[in-house]
Protein chains: 2
Amino acid sequence: MKKIIIVGGVAGGATAAARLRRLNEDAEIILFERGEHISFANCGLPYYIGETIKQREKLLVQTVEGMTNRFQLDIRTQTEVVKINPIEKVIEAKNLKTGVKYVESYDTIILSPGASPIIPSFNGLEKANNVFTLRNIPDTDRIKSFVDTNKPQKATVVGGGFIGLEMAENLVERGIEVTLVEMADQVMAPLDKEMAAIVHEHLFEHGIQLLLKDGVKAFHENGQKIELNSGKIIGQDIVILSIGVKPESKLAKEANIAVHERGGILVNEYFETSQKDIYAIGDAIVINDYIAKEETFIPLAGPANRQGRMVANNILGKKEPYLGTLGSGIAKVFELSVATTGLNEKVLQSKNKEYEVIHIHPASHATYYPGATPISLKVLYDKNTLNILGAQAVGKNGVDKRMDVIATAIRGNLSILELAELELTYAPPFSSAKDPVNMVGYVASNIIDDEMETIQWYEVDELVNNGATLIDVREKEEFANGAIEGAVNISLTELRNKLPELDSTRPVYVHCQVGLRGYLACRILKNHGYQAINVDGGYKTYELAKRWK
Amino acid sequence: MKKIIIVGGVAGGATAAARLRRLNEDAEIILFERGEHISFANCGLPYYIGETIKQREKLLVQTVEGMTNRFQLDIRTQTEVVKINPIEKVIEAKNLKTGVKYVESYDTIILSPGASPIIPSFNGLEKANNVFTLRNIPDTDRIKSFVDTNKPQKATVVGGGFIGLEMAENLVERGIEVTLVEMADQVMAPLDKEMAAIVHEHLFEHGIQLLLKDGVKAFHENGQKIELNSGKIIGQDIVILSIGVKPESKLAKEANIAVHERGGILVNEYFETSQKDIYAIGDAIVINDYIAKEETFIPLAGPANRQGRMVANNILGKKEPYLGTLGSGIAKVFELSVATTGLNEKVLQSKNKEYEVIHIHPASHATYYPGATPISLKVLYDKNTLNILGAQAVGKNGVDKRMDVIATAIRGNLSILELAELELTYAPPFSSAKDPVNMVGYVASNIIDDEMETIQWYEVDELVNNGATLIDVREKEEFANGAIEGAVNISLTELRNKLPELDSTRPVYVHCQVGLRGYLACRILKNHGYQAINVDGGYKTYELAKRWK
């Protein structure tokens with residue numbers, strides 16, 4: 001009979017335990033969890049604070065009793081594994097309630113300790129009693145009780161990642177005025193800047209004060225004031241630190257398990273660490289980026305759960321290789337859904353990849369049916385292989401669907417052109433006869449077949465400054481409502497008649513509102529012998545990116 | 001300069017015209033449309049009658065003027081092409097307003113005439129003035145005006161396909177009592193019976209009287225009464241005939257273009273008909289079924305639009321083969337979304353395919369976050385190749401997303417097992433860490449790896465009648481609320497202790513509510529040496545299918 005010890009009982013650990021039992025009735029399975037709860041709704045915590053989730057017990061997806069009975073597990077909560085001895089094949093556990101330490105032998109270990117919030121050693125932090133991080137249920141209870149009791153009026157959220165944005169939204173839901181401080185020039189690092197701009201605008205519309213390119217220097221007055229790197233002083237009643245997380249790899253390191261220089265536990269494709277019979281999964285490990293084929297650290301619940309099942313399979317005799325993590329993620333930000341998969345343009349630029357970009361702004365469903373809202377969709381592909389490299393989408397409806405379709409297309413090795421051929425379900429309440437994802441494929445084929453060249457929003461100003469011809473092909477009224485400096489307005493409808501006015505020896509840059517009419521203008525121009533280049537994503541992408549730069 | 005004639009200006013025809021112009025400024029493009037409108041919102045028509053779409057002009061997606069200007073087209077509405085002479089390369093057109101006929105030469109023709117509603121020659125139909133079919137805007141105007149003016153209280157919809165169901169819903173929205181008559185034993189032929197049962201229940205909840213396995217025999221009293229095949233007489237103030245559509249292939253046939261025995265125009269993968277320089281696309285053609293690789297007839301807006309672009313490409317020098325139609329479709333039926341892709345079980349049975357079935361009933365998103373609703377998802381795969389053959393889903397939320405992901409997976413040649421590996425976007429408002437599509441992959445791997453055998457709902461009764469042991473592993477209270485006749489209740493929690501009571505020489509059939517606990521029970525039983533078989537989809541699938549049989 002095999003004796004398997006699992007360290008950490010949340011996403012991956014709990015899944016592994018259940019899977020092990022389903023495969024084998026005889027194994028002895030001991031699940032150690034430092035905290036009080038196993039398998040809780042970690043992605044739901046902000047919504048309990050914001051009171052969208054009203055009952056605390058909803059957060060307890062599995063109870064210790066329930067899992068123990070159903071899967072015949074030996075679950076030991078509030079017990080920390082403090083040491084692993086891979087030579088003797090024993091671990092040392094410490095009961096956190098009694099302080100008693102004891103030794104347990106093992107045949108196999110699964111490490112699933114997760115990742116913990118990063119808390120820099122800010123000056124004055126030690127005196128602050130209103131600064132919180134959010135990882136587990138006790139953290140949640142602390143924050144909720146602080147909000148319920150102290151009724152803070154102002155909050156500062158430090159860090160504009162997933163948790164930071166979700167916390168900002170949920171504090172606003174509680175009637176609190178929120179300032180969001182972010183070191184980078186944008187929130188949500190997986191997005192590129194012009195896509196993040198849409199989120200910035202939405203945060204602004206919801207009254208959140210956004211302080212970009214700034215960070216915390218020190219806490220003052222017991223946390224009532226924060227001094228920022230810029231010298232600015234902001235006041236608040238509560239602070240959420242959501243700067244990021246770091247893999248919990250101390251236990252592994254001390255057991256001489258190979259660990260990445262940035263902290264994650266190193267594993268092979270079967271989740272085996274450098275020490276025999278010790279496996280690791282979840283947010284604590286370094287994984288392979290599915291697209292870049294490089295080591296990286298992507299803490300996400302979906303992959304952690306999948307790894308939990310796979311590691312159990314591998315321990316009990318299968319050989320299932322993990323092919324890497326794509327990094328598909330989504331966040332609700334007030335009415336917006338913000339989703340990404342794969343690599344973004346920043347990363348591709350840093351890798352000197354030969355990529356191409358497509359921005360479109362289609363409607364979530366047929367516009368003649370009520371309720372359609374725009375989606376801003378950006379897709380990146382490899383110029384040479386035509387492989388899809390990544391995608392980003394922001395909008396009120398149908399964002400998750402399009403991102404999931406693209407993530408599936410990536411997994412199925414479909415080229416950017418094959419997106420046009422996808423046969424997706426269509427009826428007016430759900431989509432358009434040409435779904436946004438199909439549209440990406442069509443735009444790609446226009447570029448690839450040389451029907452249209454494009455430039456990006458960040459290339460426009462320099463061209464105009466250097467005297468390039470930029471034609472705004474929107475209608476007069478649209479142009480009057482705001483236009484790119486230096487652009488000349490010749491609407492698409494007038495274009496054929498005004499061709500004689502254009503210098504055919506120089507390239508003609510065109511743009512419209514979202515890109516479609518610009519493409520049509522390019523076709524007319526190219527068919528008449530001009531070199532025509534469309535501004536990808538049109539005025540909408542350009543203007544938003546500039547406004548929220 | 002090329003002269004291209006397009007016959008039919010709605011989905012495929014209008015797309016082809018625009019695409020031709022984008023590719024070529026010089027071609028002469030004449031678009032003939034028998035009706036008054038081009039490129040209208042054909043999928044939106046029922047919703048204008050139901051007043052969800054409030055403005056009639058919303059149905060006019062493109063106007064003749066708009067398209068003429070933008071794409072320099074020669075659009076001739078209310079003009080029917082009545083004859084094609086492929087030898088002389090001329091057509092004869094008839095202006096339906098003036099009756100004047102004239103001849104037009106061509107280099108290339110694109111036939112995009114669509115499909116027309118089937119109207120059997122029922123006795124008494126000629127005297128009825130309240131019987132309508134729905135294909136275009138004049139039809140829509142007629143129905144809406146009849147409803148607005150005559151304020152019918154009772155309606156009969158004949159035919160329970162997409163249009164029938166959408167019309168039934170929209171008539172109910174107008175306060176009309178609806179009876180739906182359907183010849184088959186279920187609505188929505190692309191669904192299998194137990195999935196259609198969910199729709200039957202929903203129609204019933206919305207007060208629609210459903211008469212299955214019955215059809216119209218004759219109309220009486222000027223359409224105020226219908227005599228059904230069963231002998232039943234039903235009364236109504238308005239009748240919608242939505243029995244189905246047939247390809248409009250008369251013109252093609254008369255031009256000696258090869259046509260299928262059931263009426264569709266035959267084309268090769270480049271949409272070339274049997275006559276040189278004549279192409280055909282859209283609802284009028286016979287297409288290749290993407291999965292079955294057989295000729296079939298699937299009238300859908302998405303494929304028609306795609307074909308419109310492809311045929312234009314092919315005419316102007318590309319060689320893009322059409323790989324077939326998957327048949328991805330969706331309908332809103334009151335609060336339900338009903339979606340399908342690929343082949344269903346009925347078709348697979350008729351083809352004697354070796355397929356396997358999976359039914360699951362997951363939540364649309366994490367249940368701890370408000371608003372989650374169940375999705376019933378059925379997926380079929382090839383037992384030998386593990387290719388996905390088709391899927392069906394019914395539920396209130398997130399149905400379109402899952403079907404689109406599966407349709408994409410099929411297009412990417414992913415096996416049923418690879419659905420488990422899809423990395424889809426997850427946050428509690430959108431999904432679960434294990435998305436329903438992932439769950440299908442997990443269930444499949446349980447079956448394929450022999451962790452679990454399953455039987456289908458329709459196999460249960462015979463087994464029980466023959467004395468098989470069927471254990472209901474739900475809790476006592478669930479069992480008491482309704483159970484399969486002959487099932488014995490041993491809850492999953494009790495199962496391990498009660499194993500000694502079970503005869504290990506005979507197979508043990510188990511079931512729970514939706515299939516998950518049944519699977520866990522199977523694992524316990526199999527790990528203890530029993531042959532255990534789970535009822536796929538659980539009591540939920542069985543009970544619904546039986547109740548609405």
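In this predicted model, B:Val379 stands opposite B:Ala391, a residue of strand β25 in chain B, and this pair is a convenient place to begin a walk through the structure. The two strands concerned, β24 (residues 375–382) and β25 of chain B, pair in the antiparallel sense over seven bridges. They form a hairpin with five residues between the strands, and in this hairpin B:Leu386 takes a positive phi near 65 degrees. Strand β22 (residues 336–342) of chain B also pairs with β25(B), again in the antiparallel sense, over six bridges, and here B:Ala339 stands opposite B:Ala393 of β25(B). How many of the eight residues of β25(B), which spans 388–395, are buried? Eight of the eight are, so the strand is largely enclosed by the rest of the structure.

**The sheet in chain A**

In chain A, five strands form an open sheet in the order β21-β22-β25-β24-β23, with antiparallel pairing. Which strands stand at the edges of this sheet? They are β21 (329–333) and β23 (355–360) of chain A, and because each has a single partner strand, one side of each is left without a neighbour in the sheet. From one strand to the next, the twist averages 10 degrees. At one edge, β21(A) pairs with β22 (residues 336–342) of chain A in the antiparallel sense over five bridges, and A:Gly329 has A:Thr340 in β22(A) as its bridge partner. A helix also meets this sheet: α11 (residues 436–448) of chain A lies across β23 and β24 (375–382) of chain A, and it runs at about 130 degrees to β23(A).

**Two helices**

The table sets out one helix from each chain, with the span taken from the first C-alpha to the last.

| Helix | Residues | Span | Expected span at 1.5 Å a residue |
|---|---|---|---|
| α15 of chain B | 516–527 (twelve residues) | 17 Å | 16 Å |
| α8 of chain A | 301–315 (15 residues) | 21 Å | 21 Å |

Nine of the twelve residues of α15(B) are buried, so this helix is largely enclosed by the rest of the structure; among the buried residues are B:Tyr519, B:Cys522 and B:Ile524, as well as the two arginines B:Arg517 and B:Arg523. Just after α15(B) comes B:Gly529, which takes a positive phi of about 95 degrees. Helix α8(A) is mostly covered, with 15 of its 15 residues buried, and it is followed by A:Gly317, whose phi is positive and near 110 degrees.

**A residue in a loop**

Is A:Leu134, in the loop between β9 (131–132) and α4 (137–150) of chain A, buried or exposed? Its relative accessible area is 10%, and because buried means under 20%, A:Leu134 counts as buried. Leaving aside residues up to four places away in sequence, A:Leu134 touches several others, including A:Leu45, A:Pro46, A:Ile143 and A:Met167. The C-alpha atoms of A:Leu134 and A:Lys549 are separated by 29 Å, although the two residues are 415 residues apart along the chain.

**Chain A as a whole**

Chain A contains 16 helices and 30 strands, and 60% of its 549 residues count as buried. Its radius of gyration is 26 Å, which agrees with the value near 24 Å that a compact globule of 549 residues would have. Along the principal axes, the C-alpha atoms of chain A fill a box of roughly 90 × 55 × 45 Å. Among the contacts in chain A with a separation of 6 or more, 62% are accounted for by residues 24 or more positions apart.

Technical notes. Residues are numbered from 1 along each chain as its sequence is written. Chains are lettered from A and ligands numbered from 1 in the order in which they are written. This is a predicted model: local features need pLDDT of at least 70, side-chain atom pairs count only at pLDDT 80 or more; totals for chains, interfaces and linings use all residues. Side-chain values use heavy atoms; hydrogens and water are left out. Two strands pair if DSSP finds at least two bridges between them. Helices (H or I, at least four residues) and strands (E, at least two) are DSSP runs, numbered from the N terminus. Axes are lines fitted to C-alpha atoms, for helices over the stretch in contact, and angles run from 0 to 180 degrees between N-to-C directions. Contact means heavy atoms within 4.5 Å. The expected span of a helix is 1.5 Å times one less than its number of residues. Buried means under 20% relative accessible area, exposed over 50%, partly exposed in between (1.4 Å probe, protein chains only). The radius of gyration is taken over C-alpha atoms; the globule rule is 2.2 Å times the number of residues to the power 0.38.
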